Amino acid sequence: MKYISTRGNAPELNFADAMLTGLARDGGLYVPKKIPTMSKEDIAALAGLSYEEVAFRVMRPFVGDAFTDEEFRGIIERAYANFRHPARAPLVQLAPNHFLLELFHGPTIAFKDFAMQLIGQLFQFELGRRGEHVTIVGATSGDTGSAAIEAFRGLKNVDVFILFPDGRVSDIQRKQMTTPDDANVHALAVEGDFDDCQAALKDMFNDLKFRDCVKLAGVNSINWARVLAQVVYYFSSAVSLGAPHREISFTVPTGNFGDIFAGYIAKQMGLPIADLVIATNQNDILHRTMETAAYTKEGVMPSISPSMDIQVSSNFERALFYAYDQDGDAVSQLMDELKDGSFAISQGAMEALRENFLSGRASEKETLASIAAEYAANGEVLCPHSAVGVKVANEHLSTVPMVTLATAHPAKFPDAVEQAMGQRPDLPPHMVDMMGDEERVTKVPNNLGLLQALIKDRIAQR
Ligand SMILES: *Cc1c(COP(=O)(O)O)cnc(C)c1O
């Protein structure tokens, strides 16, 4: 199995190298050269299997000869061993034909654990085999950083540094990053905002001397292995609702387009998905694009669903690549145009996108109303991101069962939940324990040279 860049101008890599590389050298994103398919019989045979076994069968063809069956099974077992629900991704019913896929039973109670826990084990295995050590540096506004720290803590071949804006993440998000006491975990509170953190990270990747010296690696959402991990729960949920013998639709709260793109891959593999609905908050660039065929950047408006507050949706590039019949030059040109703030999508590509995706948006008021309405109707407490999804899904209900992805536990966003329903959500028990633990964090000025020196120094000490 080979991977190619969406901009058509980077070396083809196997699965392990695509995973360790992250971003392609031409600035593009890696995608499989050919998407493997599963027959109706293959899909039907997933019924009743454990999540781990479904994960093995769905992901196996993408991995090629990078791992043996036995190695890959072990990696998957370890990745999901500390999830707190035996089904890993359970479904609950909201209404006669509407289901919620709970993706928040992992260690940091947001769906990013599904991909990050797998990536942690994949990195550990592959680096152990190569006898290499890498330094992972990530910038976060909250969820990605905690998921990365949980995934990489205690692993021998990895040091993980997370830059977060000092004073601008929630209490619970900060504690998730600062209470792990493993020596390879480094939480850095940067005196600045999230954009400063991201700019520092970018500068580190562009400083080739530093990049090579510390063996810098990235695990942000453009990493192909993260998308792949998310394909699995489309299969597990659809099969438990009757696929492949009937069609299923999905609505996905969307920011960087990674989660919903995984649904597109599932569909290309043969899963009978009727509708894939993009749900955005007031930062609705994707919804506007679907309506107008123009992708136009506007300023980010901070919302109560902060993990979807984006201006540039990185993984949308992968959807464009397929909409443009895998024409890397065309994608490359669009991305150049985006430097000036916008690009227009051709009629043919737009038809291809509309064949695969529907869209909707929820305002702040509608998000709060959605939390209150679901709580009143069936006692289900939604996080604000999931509430955006449910609001948009309700506009697309039909005779086909609809599954809305619940991307975080409500306790991760207690203020929004309280605002909506007058009551704070309960923390899961393991989170209550963590809240009293000692915090370990280093405050750093927003200065590239100082940050780089600190990272080199910490690695030298280990
Ligand atoms: C990251 C995140 C999203 C958005 O997912 P994308 O893959 O970026 O579209 C939605 N909800 C929550 C809670 C998240 O953490």
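With a relative accessibility of 10%, Pro-90 counts as buried, because buried here means under 20% relative accessible area. The model in which this is seen is a predicted one. Along the chain, Pro-90 belongs to the loop that runs between α4 (69-80) and β3 (91-95). Leaving aside residues up to four places away in sequence, Pro-90 touches His-85, Leu-100, Leu-101, Glu-102 and His-105.

From this loop the reader may turn to His-385, which is 295 residues apart from Pro-90 along the chain, while the C-alpha atoms of the two are separated by 18 Å. His-385 is part of helix α17, which covers residues 384-394. With a relative accessible area of 2%, His-385 is buried, because that value falls under the 20% limit for this class. When residues up to four places away in sequence are not counted, His-385 touches Pro-253, Ser-305, Pro-306, Ser-307 and Met-308, and also Thr-407 and Phe-413.

The surface offers a contrasting case in Asp-181, a residue of the loop between α7 (171-178) and β7 (185-191). Asp-181 has a relative accessible area of 60% and is therefore exposed, since exposed means over 50%. On the surface, Asp-181 gathers with Asp-433, Asp-437 and Glu-438 in a patch of negative charge. The patch is described as negative because Asp and Glu count as negative, and Asp-181 can be a member because patches are made of residues with over 30% relative accessible area and no salt bridge.

Terms used: Residues numbered from 1 in each chain as written. Predicted model: local features only at pLDDT ≥ 70, side-chain atom pairs only at ≥ 80, totals over all residues. Heavy atoms only, no water. Patch = residues over 30% accessible without salt bridge, like charges linked within 9 Å, V, L, I, M, F, W, Y side chains within 5 Å. Areas by Shrake-Rupley, 256 points an atom, 1.4 Å probe, with all protein chains shown as cover. Salt bridge = Lys/Arg side-chain N within 4 Å of Asp/Glu carboxyl O. Charge placed at Lys NZ, Arg CZ, Asp CG, Glu CD. Helix = DSSP H or I, 4+ residues; strand = E, 2+ residues; numbered from the N terminus. Buried < 20%, exposed > 50% of the residue type's maximum accessible area, 1.4 Å probe, protein only. Contact = heavy atoms within 4.5 Å.
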